[in-house]
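Got your viewer open and a selection tool ready? Then come along for a walk through this structure, one stop at a time.

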Amino acid sequence: MTDARNPAISLRKKPKQARSEASISIILEAATQVLAKEGASRFTTARVAEKAGVSIGSLYQYFPNKAAILFRLQSDEWQQTFDLLNSLLQDTSLPPLQRLRNLVHAFIRSECEEADMRVALDDAAPLYRHAPEALEVKEQGAAAIRLFMQEVLPDTEDTARCRAADLITSTFSSAGKAFSQTPRTQEQIEDYADSMADMFCAYLERIAQEGQRKMV
């Protein structure tokens with residue numbers, strides 16, 4: 001029996017042909033439309049199958065339940081964020097704190113552009129947040145932040161460095177969500193991102209100075 005805290009959310013049938021990949025894409029596109037229009041509370045596999053123009057049996061060939069569909073939408077969104085995070089934080093042609101500033105601006109813009117879908121996915125999170133697949137995907141982003149912290153704070157103790165990574169990650173998530181729930185102008189978005197970046201950079205500079213003093 002599947003643990004309710006650990007639902008089966010992996011693809012039931014791995015796509016091996018272009019036709020299967022196309023079917024999954026059609027289902028996911030339909031799921032996106034249903035979720036955006038009706039929200040997580042009214043999201044059902046039957047509505048997705050109807051919107052996709054496929055039988056419920058065909059849908060279940062790939063996704064065992066609605067949690068699996070929602071998790072796939074969420075994991076795709078997480079992967080996009082992870083790719084963005086990696087591409088900006090690993091751009092060694094720029095100083096570390098400038099990379100962080102670029103990430104803050106890109107993240108806040110993304111949060112505002114996709115606010116409706118992100119809110120709906122957040123509402124659906126209880127269906128899969130404890131699943132191993134969900135924890136694995138989220139850990140990828142956390143690991144990238146920790147690696148960046150090692151570069152920015154080389155003289156800082158591991159405990160303080162991990163705390164900084166956790167604080168920045170949680171602030172990204174909570175502040176970005178809260179800010180994006182109200183329609184914003186481009187100027188407001190840039191001003192907010194500048195303020196958040198200023199806060200992060202000042203915090204990291206202080207920790208770095210403390211670490212350097214301890215090394216003396």
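Select Ser180 first. Is Ser180 buried or exposed? With a relative accessibility of 8%, Ser180 falls under the 20% cut-off, so Ser180 counts as buried. You'll find Ser180 in helix H8. Now show what surrounds Ser180: leaving out residues up to four places away in sequence, Ser180 touches Glu111, Cys112 and Ala115. Keep in mind as you click around that this is a predicted model.

**Along helix H8**

Stay in helix H8 and pick Gly176, which also has its place there. Gly176 has a relative accessible area of 1%, so Gly176 is buried too. Which residues does Gly176 meet, once neighbours within four places in sequence are set aside? They are Phe107, Ile108, Glu111 and Thr171. Glu111 may ring a bell, since Ser180 touches Glu111 as well.

Try a distance next. Draw a line from the C-alpha of Gly176 to the C-alpha of Asp76: the two residues are 100 residues apart in sequence and 18 Å apart in space.

**Over to helix H9**

Now select Phe200, in helix H9, which covers residues 186–215. Phe200 is buried, as the relative accessible area is 3%. Colour the contacts of Phe200 and you'll light up Leu100, Val104, Ile168, Thr171 and Phe172, not counting residues up to four places away in sequence. Thr171 is one you've seen before, among the contacts of Gly176.

For another distance, go from Phe200 to Val137. These residues are 63 residues apart along the chain, and their C-alpha atoms are separated by 24 Å.

**The largest pocket**

Time to look at some empty space. Rolling a probe the size of a water molecule over the atoms shows where such space is left. The largest pocket here has a volume of about 910 Å³. How many residues line the largest pocket? There are 29, and to find the centre you can select Glu77, Trp78, Phe107, Lys138 and Ser173, which lie nearest to that centre.

Next, colour by helix. The elements giving two or more residues to the lining are helix H4 (66–89), helix H5 (96–113), helix H6 (115–124), helix H7 (132–152) and helix H8 (158–180). Which of them gives the largest share? That's H4, with 8 residues of the lining. If you switch to colouring by residue class, the lining shows 15 nonpolar, 7 polar and 7 charged residues.

**A stop in helix H7**

Select Gly141, which sits in helix H7. Gly141 has a relative accessible area of 19%, which is under the 20% cut-off, so Gly141 is buried. Show the contacts and you get Phe82 and Leu85, again not counting residues up to four places away in sequence. Then draw a line to Asp158: Gly141 and Asp158 are 17 residues apart along the chain, with 18 Å between their C-alpha atoms.

**A pair between H1 and H2**

Move to Arg47, in helix H2, which runs over residues 45–52. Why does Arg47 count as partly exposed? Relative accessibility is 25% for Arg47, and partly exposed is the class between 20% and 50%. Arg47 touches Val34 and Glu38, residues up to four places away in sequence not counted.

Zoom in on Glu38. The side chains of Arg47 and Glu38 make a polar contact of 2.7 Å. Glu38 belongs to helix H1 (residues 18–38), and Glu38 is buried, because its relative accessible area is 17%. So this polar contact joins a partly exposed residue to a buried one.

One more distance from here: Arg47 and Leu127 are 80 residues apart in sequence and 18 Å apart in space, C-alpha to C-alpha.

**Zoom out**

Finally, show the whole protein chain as a cartoon. How many helices and strands does the chain have? There are 9 helices and 0 strands. Along its principal axes, the C-alpha trace spans about 70 × 40 × 30 Å.

Turn on the surface to finish. The accessible surface of the chain comes to about 12200 Å², with 51% of that belonging to carbon and sulfur atoms. Of the 216 residues in the chain, 40% are buried. And if you draw the contacts with a separation of 6 or more, 71% of them are between residues 24 or more positions apart.

Key
Residues numbered from 1 in each chain as written. Heavy atoms only, no water. Helix = DSSP H or I, 4+ residues; strand = E, 2+ residues; numbered from the N terminus. Buried < 20%, exposed > 50% of the residue type's maximum accessible area, 1.4 Å probe, protein only. Contact = heavy atoms within 4.5 Å. Polar contact = N/O pair within 3.5 Å; in protein donor to acceptor, adjacent residues only side chain to side chain. 1 Å grid on protein atoms, 1.4 Å probe; cavity = no way out; pocket = protein on both sides within 12 Å on 5 of 7 lines; lining within 4 Å. Points joined across faces, edges and corners; volume = space filled by probe spheres on them. Nonpolar A, V, L, I, M, F, W, Y, C, P; charged D, E, K, R; others polar. Areas by Shrake-Rupley, 256 points an atom, 1.4 Å probe, with all protein chains shown as cover.
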